[in-house]
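Reader: I should like to go through the terms used for this model and to hear the reasoning behind each of them. Please begin once the structure is on view.

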Amino acid sequence: MGRLEGKVAVISGAGRGIGAAISLAFAEEGAAVQCLDIDPTAAADVAAKIGAAGGRSEAARCDVRDSASVRGGVEAVVEAFGRIDVVVANAATVTPRTTVDALSEEDWRDALDVNLTGVFLLCKHALPHLRAQGSGSVILTASQMGRVAYDGQAAYCATKGALIQLAKVMALDHAAEGIRVNALSPGGTATARLERRFGTLEQAESEWGPTHPVGRLGRPEEIAAGAVFLASDGSSFMTGADLLIDGGYSAR
Ligand SMILES: NC(=O)c1ccc[n+]([C@@H]2O[C@H](COP(=O)([O-])OP(=O)(O)OC[C@H]3O[C@@H](n4cnc5c(N)ncnc54)[C@H](O)[C@@H]3O)[C@@H](O)[C@H]2O)c1
């Protein structure tokens, strides 16, 4: 019996990296998974992988910046699987690395729109379903950079810090309704995001891996393991927390 047997999860940014790993891990633990991504092909690939392994999964294009698109994604989950037990607000954009004076207003707004408003919108549209059931687990993918600063990443760090606070407020607001809300903060994790930032994953590993006390980058599956815990009843006394899985990065 899987730890998420009978549960239904909706995951944004599910098409690759950490979101894809969470989708696959949830399905392995018995959940039905709705994969949302701005890239519909990537989302469909993940859903197909789950289906091929005998799990239940649907995919839909969803741009988390757009309220109607997010509402449609949430409605599609309920239509496909009848309920929502777990929400993973995971999509984030990549922002150019530069100082505030040089960062364009467009890039600043894009970071806020995807990383912060996108999370707000998914929660806003999904919460009524969780409230009607009287239960649910909401997971906001934040970052170790919500706690420690990284030079040249003002917009990213600001949005990730905000998500940790957002999780705390939502935890207070919805605890009496049986809904738990936690942040999940990865450290450097080997995904396409780092490929874009460092050129190649090998470069990311050799440049950034050693700055993590464990001496390497994380694997998406190691972050997904934390998401499974937060989604499952194993974390039933946990809300308003920030689960940090960062190889010791922020312990310094
Ligand atoms: N990889 C890391 O080192 C790391 C570290 C800390 C936190 N995180 C966080 O983990 C989460 C996942 O990171 P990742 O490395 O897997 O990222 P990634 O860039 O590899 O994947 C992100 C996914 O989100 C999708 N996406 C982007 N904009 C979207 C939008 N507007 N609407 C819907 N989907 C959209 C992309 O298409 C992609 O499939 C992010 O919130 C990121 O900030 C990552």
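Author: A polar contact is a pair of N or O atoms within 3.5 Å. The model is a predicted one.

Reader: What makes the pair formed by T191 and the ligand a polar contact?

Author: A polar side-chain atom of T191 lies 2.5 Å from an oxygen atom of the ligand. The cut-off is 3.5 Å, so this pair counts as a polar contact.

Reader: Which other atoms of the ligand are paired in this way, with I38 and with R193?

Author: With I38, a polar backbone atom is 3.2 Å from a nitrogen atom of the ligand. With R193, an N or O atom of the side chain is 3.0 Å from an oxygen atom of the ligand.

Reader: Which residues come nearest to the ligand?

Author: There are 29 residues around the ligand, and I18, D37, N90, Y156 and T191 come nearest.

Reader: Why are helices α4 and α5 called roughly parallel?

Author: Helix α4, residues 105–133, packs against helix α5, residues 154–174, at an angle of about 15 degrees, with the axes 9 Å apart. Angles under 35 degrees count as roughly parallel, and therefore α4 is roughly parallel to α5. The contact includes W108, L112 and R131 of α4 and Y156, L166 and H174 of α5. By class, this contact has 15 nonpolar, three polar and one charged residues. In handedness, the crossing of α4 with α5 is right-handed.

Reader: Why is α1 called oblique to α8?

Author: The axes of helix α1 (residues 17–28) and helix α8 (residues 220–231) cross at roughly 55 degrees and come within 8 Å. Angles under 35 degrees count as roughly parallel and those from 65 to 115 as roughly perpendicular; the value lies between these ranges, so α1 is oblique to α8. On the α1 side the contact is made by G17, I18, A21, I22, A25 and F26, and among its partners on α8 are P220, E221 and V228. The classes are 11 nonpolar, one polar and one charged residues. This crossing, too, is described as right-handed.

Reader: How do you know that α1 and α2 are roughly parallel to each other?

Author: Their axes cross at roughly 20 degrees and come within 10 Å, with α2 spanning residues 40–52. The limit for roughly parallel is under 35 degrees, and α1 and α2 therefore meet it. A20, S23, L24 and A27 of α1 make the contact with V46, K49 and I50 of α2. Five nonpolar, one polar and one charged residues take part in it. The crossing in which α1 passes α2 is right-handed.

Definitions and conventions:
Residues numbered from 1 in each chain as written. Predicted model: local features only at pLDDT ≥ 70, side-chain atom pairs only at ≥ 80, totals over all residues. Heavy atoms only, no water. Axes fitted to C-alpha atoms, helices over the stretch in contact; angles between N-to-C directions. Helix = DSSP H or I, 4+ residues; strand = E, 2+ residues; numbered from the N terminus. Parallel < 35°, antiparallel > 145°, perpendicular 65-115°, else oblique. Left-handed = near helix turned anticlockwise from the far one by under 90°. Contact = heavy atoms within 4.5 Å. Nonpolar A, V, L, I, M, F, W, Y, C, P; charged D, E, K, R; others polar. Near = heavy atom within 4 Å. Polar contact = N/O pair within 3.5 Å; in protein donor to acceptor, adjacent residues only side chain to side chain.
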